[in-house]
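Reader: I have a structure open on my screen and would like to talk it through with you. Could you show it here, so that we are looking at one and the same thing?

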Amino acid sequence: MIGDLLANACKSVFNKKLRSILTILGITIGVVSVIVVRNISYSGNIAVHKELASFGIDSIIINSNNAVSNAKLSDQELQKIKQVSSVSDAMPVVLLNAQVESVKDRIDTFVLGVDINAQNIIELNVVNGRFINQRDIKNFENVCILDQNTSKKLCGNDSMVDYDILVIENGKSVRYKVIGIVKTGSGLIDSCFGEDMPNFVYVPCTTLQNSIGQDYFDRIVVKAKKGKDINCVSDKIISSLEKSCGVRGAFSSNSMSHPKKILSKVLNIISFILTGIGAIVLIVANISIMTLMLVSVSERKQEIGIKKSLGATRKIILLEFLFEALLITIIGCFVGVLSSFGIQKVIQEFITPRYMSSGYVIFESILFSLITGVIFGVYPAYKASRLKPVDALKAGG
């Protein structure tokens, strides 16, 4: 029975080639619209979260209370934090606002004293040279890492490896050798900050402490284990530190988890709006199925009358027209999915390599198209099945 219904559907679709092609084309455009729009939203969401992660947004920042005399962040506190079960890693930060001078220019910068874990925690990707190693930390080496933005401002490019710079603070200058360049942002971040993009210089934390005469860390940045709740991890860390210190309120923590949740909601709303626009295009395309099927019912009244006279039931007639609507939808979906892969290649090649395709988005689009295609095919099929044999034969004649 199903084979006969499918055969009849194929025959009917291919008998009306031009109208069928135009209807399939409309569905194809609708499917492509939904897939591309959803994938743009999906890719943008991932890109934004990745950029935020590169700035340590997913990290927890531990601060000490200056009003408490013995509340200082030292290596002892760092090791205690690392022992917390839900902590993946932690690194010290010594912060200095200073000016950096090269042969070409002098600029304001953030000088950050860090250790080797900075690469993992705030995702510093070396593009030239090398990163700070354990030997640099142990021997108080006067070496530094520049981000690409800072390097370009100081010498016009990101090839300052093996050159020297001066870090100037309160009239005192210290010479550092550039050993590496890191990427601390992309076009997305650069476009947000423009000329106000912060300048970063990374040096061994022990070197900076020694240079400014400081025996403690300004902050400790913590990365929680994957899947762990940031707030719960923060509470555990603070509880552990206060227990060791013996003073309540000696330490505090902050993270970007709450703003990140708000940003996620905003991105989801944008995604919903874009999806709605794509869905409207697909619904309009599927309305053409109803138009095609109504015309088909009108033209095939005599055929319907003959079939009913020979014993075809309402159910058979209904299913026959539904199969026809479903076949047109399936062909449109198939062509649409193939076209979306082609568009993906074009976007990745000529616009942005960040564009990604989600299998879930494709499945959703196909399912939505099939459902709407069947829905818009129901009325014409129902109308055909309700025709009386005598009236259908008279209308056909």
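Author: Let me begin with a term: a residue is called buried when its relative accessible area is under 20%, exposed when that area is over 50%, and partly exposed in between, using a 1.4 Å probe and protein chains only. Of the 397 residues of the protein chain, 43% count as buried. This is a predicted model, in which local features need pLDDT of at least 70 and side-chain atom pairs count only at pLDDT 80 or more, whereas totals for chains, interfaces and linings use all residues. Residues are numbered from 1 along each chain as its sequence is written, and side-chain values use heavy atoms, with hydrogens and water left out.

Reader: Okay, and how many helices and strands are there in the protein chain?

Author: The protein chain has 14 helices and 10 strands, where helices (H or I, at least four residues) and strands (E, at least two) are DSSP runs numbered from the N terminus. Taking contact to mean heavy atoms within 4.5 Å, residues 24 or more positions apart account for 78% of the contacts in the protein chain with a separation of 6 or more.

Reader: How many salt bridges does the count come to?

Author: The count comes to 4 salt bridges, a salt bridge being a side-chain nitrogen of Lys or Arg within 4 Å of a carboxyl oxygen of Asp or Glu. One of them joins Glu364 to Arg38, with the closest N and O atoms 2.4 Å apart. That pair links distant parts of the chain, since Glu364 belongs to helix α13 and Arg38 to helix α2 (residues 17–54), 326 residues apart.

Reader: Is Arg38 buried or exposed there?

Author: Arg38 counts as buried, because its relative accessibility is 17%, whereas Glu364 is partly exposed at 27%.

Reader: Which side chain does Asp136 meet in a salt bridge?

Author: Asp136 meets the side chain of Arg130, at 2.9 Å from N to O. Asp136 is buried, with a relative accessible area of 4%, and Arg130 is partly exposed at 34%. Another salt bridge is formed by Lys177 and Asp162, at 4.0 Å from N to O. Lys177 lies in strand β7 (residues 172–183) and Asp162 in the loop between α6 (148–155) and β6 (164–169), so this pair ties together parts that are 15 residues apart in sequence. Lys177 is partly exposed at 39%, and Asp162 is exposed at 55%.

Reader: Back to α13 for a moment: what is Ser365 in contact with?

Author: Ser365, which sits in helix α13 (residues 359–385), is in contact with Val34, Ile35 and Leu282, leaving aside neighbours within four places in sequence. The side chain of Ser365 also reaches the backbone oxygen of Val361 at 2.9 Å. Ser365 counts as buried because its relative accessibility is 1%.

Reader: And at what angle do α12 and α13 pack?

Author: Helix α12 (residues 314–350) and α13 pack at about 150 degrees with their axes 8 Å apart, where axes are lines fitted to C-alpha atoms, for helices over the stretch in contact, and angles run from 0 to 180 degrees between N-to-C directions. That makes α12 roughly antiparallel to α13, on a scale where angles under 35 degrees count as roughly parallel, over 145 as roughly antiparallel, 65 to 115 as roughly perpendicular and the rest as oblique. Among the residues that make the contact are Phe321, Ala325 and Thr329 of α12 and Gly373, Gly377 and Ala381 of α13.

Reader: Switching topic, why is helix α8 described as largely enclosed?

Author: Helix α8 (residues 205–212) has 6 of its 8 residues buried, so it is largely enclosed by the rest of the structure. The buried residues are Cys205, Thr206, Thr207, Leu208, Gln209 and Ser211, and what covers them includes β2 (87–101), β3 (106–114), α5 (134–138), β7 and β8 (200–204). After α8 comes Gly213, whose phi is positive, near 65 degrees.

Reader: You listed β3, so which residues does Val111 touch?

Author: Val111, found in strand β3, touches Leu208 of the buried set in α8. Its other contacts include Val94, Leu96, Val167 and Val203, not counting residues up to four places away in sequence. The C-alpha atoms of Val111 and Leu96 are separated by 5.0 Å, although the two are 15 residues apart along the chain. Val111 is buried, with a relative accessible area of 1%.

How values were computed
Polar contact = N/O pair within 3.5 Å; in protein donor to acceptor, adjacent residues only side chain to side chain.
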